[in-house]
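Colleague: Got a minute to go through this model with me? I'd like to start with the ligand.

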Amino acid sequence: MTQQDTALDEIWGSIWLDGTLVPAGKAVVSAFDRGLLYGDGLYETIRVYSGVPFMLGEHLRRLRQGAQVLRMPVPDEDFIRRAVDSVIRANALEEAYLRLTLTRGVDPDDWSKLEPCRPSLIVMARPLPSRDYGDGFALAVSPFRVDPASPLRGVKHTGIMPKIMARRLAADEGCQDALLLTPDGFVGEASAASVFWVRDGVLFTPSLDCGILDGLTRMLVLRVAPRGGIPAEEGRYPLERLLQADEVFLTSSTWELVPVKRVGESDFAAPRPGRVTRRLIELYRQEVRRLIEEDLS
Ligand SMILES: Cc1ncc(COP(=O)(O)O)c(C=O)c1O
């Protein structure tokens, strides 16, 4: 057992691979897996609350939609749910990060064909790393773009090198994340999160036709905002609109709502989170509790 295997076992415990649980350090896929060779796969990042995979049905719906675009077969839902539950139970997880990856599997022949292969399902989960967002993230405006014209827009595929590079270039500028615009300069999303801002009490977020991911946290924030009397608007907004905001925040399943303190050279006033963001965090947590209790009952 190598040092790396031990480290993997310590962090990830047992993971699901090819229909069974295996120790993380022993989990290997074929050198011919198309996920490895071509990024030919899909993934979902899921938050586990009190041992329950939050909005699993919605994550699987998004996975199936992506698979339709990529013409990739998906194992049946019960099988995936069993795999997810096995990993959560085997590792006795309560508050956790769970990643589900589906690759097209091994194709011995031609990279350019999309012949049906036997898809490979990998499920891994770990306790949620402790998080300290301080008084908010700084975002660099990225040279990478989201492309509303791409046939792969909104598909959560595993070929995310542009997003990794966007995050890395942002880190070089001392920023925690990157803001990606469309080719026309409209606000898109962060490297792995949706973006929102508040101006004069109104909540704004880019519409899905900007080519962004249909974020589940984004969807819930838009659902709870009216309960707090917060009007919300979706649209195509030039960067200047965001830079004039009173409050800015990012959303993702694992981060929930994270305040932003700076975008490019523009700072947003303290306190962070701001008044409206704080209210939305409360409403979001209430909704999470409600849905988890519904799931447990
Ligand atoms: C590009 C991108 N946008 C937004 C999100 C947030 O999506 P969700 O709220 O469904 O986690 C993610 C999550 O990974 C992402 O990769």
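Modeller: Sure, we can take the ligand, then a helix pair, then some odd backbone spots.

Modeller: Before that, this is a predicted model, where local features need pLDDT of at least 70 and side-chain atom pairs count only at pLDDT 80 or more, while totals for chains, interfaces and linings use all residues. Residues are numbered from 1 along each chain as its sequence is written, and side-chain values use heavy atoms, leaving out hydrogens and water.

Colleague: Which residues come nearest to the ligand?

Modeller: Arg 62, Lys 156, Leu 216, Thr 217 and Ser 253, out of 15 residues around the ligand (a residue counts if one of its heavy atoms lies within 4 Å).

Colleague: And where are the polar contacts from Lys 156 and Thr 217?

Modeller: For Lys 156, a side-chain N or O atom is 2.6 Å from a ligand oxygen. Thr 217 also has a side-chain N or O atom 2.6 Å from an oxygen of the ligand. Leu 216 uses a polar backbone atom, 2.8 Å from a ligand oxygen. A polar contact here is a pair of N or O atoms within 3.5 Å.

Colleague: How much of the ligand does the protein bury?

Modeller: 96% of the 400 Å² that the ligand exposes when taken alone (Shrake-Rupley areas, 1.4 Å probe).

Colleague: Switching to helices, how do H6 and H8 pack?

Modeller: H6 (residues 216–224) and H8 (residues 275–296) pack at about 105°, with axes 9 Å apart. They're therefore roughly perpendicular, a label for angles of 65 to 115 degrees. Helices are DSSP runs of H or I with at least four residues, and strands are E runs of at least two.

Colleague: What meets what there?

Modeller: On H6, the residues include Thr 217, Leu 220 and Arg 223; on H8, they include Leu 283, Tyr 284 and Glu 287. Contact means heavy atoms within 4.5 Å.

Colleague: OK, the odd backbone. Where are the cis peptide bonds?

Modeller: One joins Ala 270 and Pro 271, with omega about 0°, and another joins Arg 272 and Pro 273, at about -5°. Pro 271 is in the loop between strand S15 (266–267) and H8.

How values were computed
Axes fitted to C-alpha atoms, helices over the stretch in contact; angles between N-to-C directions. Parallel < 35°, antiparallel > 145°, perpendicular 65-115°, else oblique. Polar contact = N/O pair within 3.5 Å; in protein donor to acceptor, adjacent residues only side chain to side chain.
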